[in-house]
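Here are a few exercises to work through with the model open beside you. Have a go at each task before you read its solution.

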Amino acid sequence: MQDFRMETFLAVCRNLNYTKAAEELCITQPAVSQHIRHLEEYYGTRLFVSEGKKMVLTEAGRLLQSAGLTMRHDEYALKELMARVGATERSLHMGATMTIGEFVLPSMLSRYMLRAPEASVHVTVANTSDLLGLIDEGKLDFALVEAIFPARIMIIRFTPRKSIFLLQEPGTRPGRA
C-alpha cells in the first residue's frame, strides 16, 4: 500500500498547485504542505520550485514522480494478481442441522477434503431457522436440513447463490402440491 504522502505528492504533480491538490484529495492545503515538506526532508532535496507564480517540478521531483507512478502501477498490478489468486482458492460456507451435521457430513466432508485439500470448508451446525437466517444474510452458500415439511414445500429457497436442500428418507416420495 502506497504511503498517503506519496499520493499527495502525485496529486501536487498533476495540479502543480497545493490548493487544487488539497481539493482533489479532500484534505486541507496545510496538510498538503506538510506532506510535501516531510518528503523533502526524507529525501533531503527540494521537489518543487517556484518560477514566478508558476510551480515547477525539480529534477529530483521528476525522479520521485516517475518512481511514485511506477510504485502505484505495481501496487495495482499486485492487487489484481492477488485477487485472481484468491479467486482460485475454494471456499465453501455451508450449514447443516444437528443430525446431518453429526451423522452425515463428517464422512462426506472427509472424502471431499481428500479430493480437494486446498479447499477451505466452513460448517455451521444449527437449527433450520438459524440456517435460513444465515443464508439470507449471505453468510452461508447453502444448508442441508432434515425435517417434516408440508407436502407443498420441497425447495424453500433457490437463487443462483442461495439454496436450501431438503433431504428425504430413502424410499419415500416427495409430497405433491
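The exercises below go from the whole chain down to single residues, and the model you are looking at is predicted.

**Exercise 1. The overall layout**

Work out how many helices and strands the protein chain has, and in which pattern they follow along the sequence.

*Solution.* Start by counting: the protein chain has six helices and six strands. Next, walk along the sequence and note each element, which gives α-α-α-β-β-α-β-α-β-α-β-β. Then look at the contacts with a separation of 6 or more: 52% of them come from residues 24 or more positions apart. Finally, check burial: 29% of the 177 residues in the chain are buried.

**Exercise 2. Rings that meet**

Find the rings that pair with Phe48, and say how each pair is arranged.

*Solution.* Searching the whole structure turns up three aromatic pairs. Take Phe9 and Phe48 to begin with: their centres are 5.6 Å apart with 50° between the planes, and the pair is tilted. Phe9 sits in helix α1 (residues 4-15) and Phe48 in strand β1 (residues 48-51), so this pair ties together parts that are 39 residues apart in sequence.

Now go to Tyr18 and Phe48. Their ring centres are 6.5 Å apart and the planes stand at 75°; angles over 60 degrees count as edge-to-face, so that is what this pair is. Tyr18 belongs to helix α2 (residues 18-25), so its pairing with Phe48 in β1 ties together parts that are 30 residues apart in sequence.

Put the pieces together: ring pairs link Phe9, Tyr18 and Phe48 into a cluster. As for burial, Phe9 and Phe48 are both buried, and Tyr18 is buried too.

**Exercise 3. A helix with a bend**

Trace helix α5 (residues 98-115) and find where it bends.

*Solution.* First, its length: α5 has 18 residues and spans 25 Å from first C-alpha to last, close to the expected 26 Å. Next, the bend: α5 turns by about 55° at Leu105, and a proline, Pro106, follows within four residues. Then pick out the buried residues of α5, which are Ile100, Gly101, Leu105 and Leu109. Those buried residues pack against β3 (91-96), β4 (120-125) and β5 (142-145).

**Exercise 4. One threonine**

Decide whether Thr8 is buried or exposed, and list what it touches beyond its sequence neighbours.

*Solution.* Locate Thr8 in helix α1. Its relative accessibility is 3%, and buried means under 20%, so Thr8 counts as buried. Now skip the neighbours within four places in sequence: Thr8 is in contact with Leu25, Ile27, Val32 and His35.

How values were computed
Residues are numbered from 1 along each chain as its sequence is written. This is a predicted model: local features need pLDDT of at least 70, side-chain atom pairs count only at pLDDT 80 or more; totals for chains, interfaces and linings use all residues. Side-chain values use heavy atoms; hydrogens and water are left out. Rings of Phe, Tyr and Trp (its six-membered ring) pair if their centres lie within 6.5 Å; planes under 30 degrees apart count as stacked, over 60 as edge-to-face and the rest as tilted. Helices (H or I, at least four residues) and strands (E, at least two) are DSSP runs, numbered from the N terminus. Buried means under 20% relative accessible area, exposed over 50%, partly exposed in between (1.4 Å probe, protein chains only). The expected span of a helix is 1.5 Å times one less than its number of residues. The bend at a residue is the angle between axes fitted to the seven residues ending there and the seven starting there. Contact means heavy atoms within 4.5 Å.
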